[in-house]
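Got your viewer open? Load the model, pick a colouring you like, and follow along one selection at a time.

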Amino acid sequence: MNEPAIRIEGLVKTFGATTALAGVDLEVRRGSVLGLLGPNGSGKTTTVRVLSTLLRPDGGRATVLGHDVVAEAPAVRLRIGLTGQYAAVDDALSGVENLRLIGRLLDLSRRDARRRTDELIERFGLVEAAGRRVKTYSGGMRRRLDLAASLVGRPDVLFLDEPTTGLDPRHRNEVWEHVRALAAEGTTVLLTTQYLEEADQLAEDLVVLDRGEVIASGTPASLKADVGGQLLHVRPLHRADVGAVAALLGELTSETPAIDPTGELTLSGTPARLHRLGVRLEEDGVPLAELGLRLPSLDDVFLTLTGRHAEAGPATEEAA
Amino acid sequence: MTTTATVTVPTTVPEPPPRTAARHGPSTLRHGATLAWRGLVKTVHSPEALIDVTLQPVIFLLLFVYVFGGAIAGDTSAYLQFALPGVLVQTVIFASAGTGTGLADDLHTGIFDRFRSLPISRAAPLLGAIGADLARYATSGVIMLVFGTILGFRTSAGPPAIVAALLLVMAFAFALCWVFTALAMLVKDPRSVQGLGALISLPLTFGSNVFVPASTMPGWLQGWVDVNPVSKTADAVRGLLLGGPVAGPAGTALLWAAGITLVFAPIAVTLYRRRT
């Protein structure tokens, strides 16, 4: 089967005067993990809501496993799982009751619903909290339960909308492990995130959205390569030296370095450049906090593509 | 839950074409029942959610009987006889306003997104919410009757008449819950739904003969009280519990309930579909 798991063609969605999606095209290969990357308001959540049949598109077409998300919504719903930005579990029910409820709604028999629930409770490390009301769960536990709830029906395609927003690093890693395991089992995953590291960690393919349009796509490595090879970065120990270092870099390379708010200067780099810069800074006696070559991060990619940093401030709700 | 289901079917599914209804009908009911189960488990887990249908009406009854009873009817026990059937109606009306708040809450938390991404009928969550609330209405009705009896309310009616009175009250609450559901779909914020709900339920219950006989009211108000379905329902419940005419007021009350349902159920379902 060459038919991609998800195919989107010219997808348009507007909310009043706001254009959330302005003609998005993308494909997700079967069994792959695609990271949909972009700042708040770029259209990530809207894309997921259209694909999971929660929103009707205003134009274009989207299919999931060959089924049109509008005309064949029930067929799509049979095959997908959705974990939204806000844990969609019932606070007043226990973890077990939440999962059994979903099982029953998926027409599992009581016995199968119970068995599937036990499996998932075990898998997501919720055994001890299984009988407790979700109200008493920590953020990480809720998120794991939410993920478990989206897996009750063994979906072939899983949508994760910012699955780790608001989680601390340890819980974020836990969720990542679960996503990797699912991908290893062959589940197609479409994951939205504003964390570049997350996309880098989990996704084989990336699509970068900005203001409802796809501005780049490819593997993390190819996107980084587009930015152009390695980057030379240097951060003087004292902020006062930034100007002098910038001038020196200009003199050595006749390029203007980018300077970020932490006082880090970057520009395209080669080992020879690194060496020459190191020698000169040594001679001038400028104390350094950092000096080196690195591969561009996805943030560099985003900055190159849009002229803005991708990492947003505190997460706010995307227009949906 | 089977009775709930049979009550609910004809009113909620007027929208989809018959083919779809026939194909999805049984599973819609099954999923609706499952979601009603969710509502009931929730209530059992957090009994504080039952306060509005238990403690609140009890306090209402105590206040009215002991604060106003003497002034209105001469003595409190005579007033209890007069007021209890009406307070029964009032209780379930308030409870049905709670249906709207609960739905608005659900729409708020994102759990509806999950339900809507499942291969179940879009009507099932709505049916579930209303199914669970019918059980709440019944609970509150029974509590009021029991508490009234403790305070000294005496009925001449046998069990069938008492059950009939409860069913009539629930039918009316069922009709009204569509109004509150429509409201919840229009005014998404749960707290505003609660406020607006009170704006509907207070004039409806106090502008009736529930607490005071209409004869003491100004003419224009009597005009309203006479047509107010709450008065008719209260009259029918009085007839059933205390003796007196039943068929007339009960017929009018049921017609009202059917009319309200016919108007507001399609509106609520349409708004719900648009919303979801």
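Here is a short tour, going from one whole chain to its sheets, then to the contact between chains and the cores. Keep in mind that this is a predicted model.

**Stop 1: all of chain A.** Select chain A and show it as a cartoon. You should find 11 helices and 14 strands. Along the principal axes, its C-alpha atoms fill a box of roughly 75 × 45 × 40 Å. Of the 320 residues in chain A, 44% are buried. Now think about contacts between residues with a separation of 6 or more: in chain A, 68% of them join residues 24 or more positions apart.

**Stop 2: a sheet in chain A.** Select E2, E1, E4 and E5 of chain A, which make an open sheet in just that order, with antiparallel pairing. Which strands sit at the edges? They are E2 (18-28) and E5 (67-68), each pairing on one side only. Next, zoom in on E4 (residues 59-64), which is joined to E5(A) by 2 bridges. To see a bridge pair, pick A:Thr63, whose partner in E5(A) is A:Asp68.

**Stop 3: another sheet, with a helix across it.** Still in chain A, select the four strands of the open sheet E12-E13-E11-E14, again paired antiparallel. Here the edges are E12 (258-259) and E14 (288-294). Strands E11 (residues 231-236) and E13 (residues 265-268) run antiparallel and share 4 bridges. Click A:His233 and look for its bridge partner in E13(A), A:Thr266. Then add helix H9 (residues 242-253) of chain A: this helix lies across E11, E12 and E13, running at about 10° to E13(A).

**Stop 4: where chain A meets chain B.** Show both chains in two colours. How many residues of chain A are in contact with chain B? The count is 22, and they touch 16 residues of chain B. On the chain A side, H2 (73-79), E6 (80-83) and H3 (95-105) each supply at least two residues. The top contributor is H3(A), with 4 residues. Sorted by class, this side of chain A has 14 nonpolar, 3 polar and 5 charged residues.

**Stop 5: a helix pair in chain B.** Hide chain A and select H3 (residues 55-73) and H4 (residues 76-109) of chain B. Their axes are 9 Å apart and the helices pack at an angle of about 145°. The crossing of H3(B) and H4(B) is right-handed. Show side chains where they meet: H3(B) brings residues including B:Phe60, B:Leu61 and B:Phe64, while H4(B) brings B:Tyr79, B:Phe82 and B:Val87, among them. This contact divides into 15 nonpolar, 5 polar and no charged residues.

**Stop 6: the cores.** Bring chain A back. The largest nonpolar core has 146 residues, and those with the most contacts inside it include A:Leu190, B:Val89, B:Val169 and B:Phe172. Helix H7 (residues 159-186) of chain B provides the largest share of this core, 19 residues. Centre the view on B:Val169: leaving out residues up to four places away in sequence, B:Val169 touches B:Leu88, B:Val89, B:Val92, B:Gly141, B:Thr233 and B:Val237. Apart from that core lies another, of 9 residues, including A:Leu231, A:Leu232, A:Leu248 and A:Leu265. To place this second core, go back to the Stop 3 selection: E11 of chain A covers residues 231-236 and E13 covers residues 265-268, and H9 of chain A covers residues 242-253.

Methods
Residues numbered from 1 in each chain as written. Chains lettered and ligands numbered in written order. Predicted model: local features only at pLDDT ≥ 70, side-chain atom pairs only at ≥ 80, totals over all residues. Buried ≥ 20, exposed ≤ 12 C-beta atoms within 10 Å, placed from the backbone. Contact = placed C-beta atoms within 7 Å. Axes fitted to C-alpha atoms, helices over the stretch in contact; angles between N-to-C directions. Left-handed = near helix turned anticlockwise from the far one by under 90°. Nonpolar A, V, L, I, M, F, W, Y, C, P; charged D, E, K, R; others polar. Pairing = 2+ DSSP bridges. Core = buried A, V, L, I, M, F, W, Y, C linked by C-beta atoms within 7 Å.
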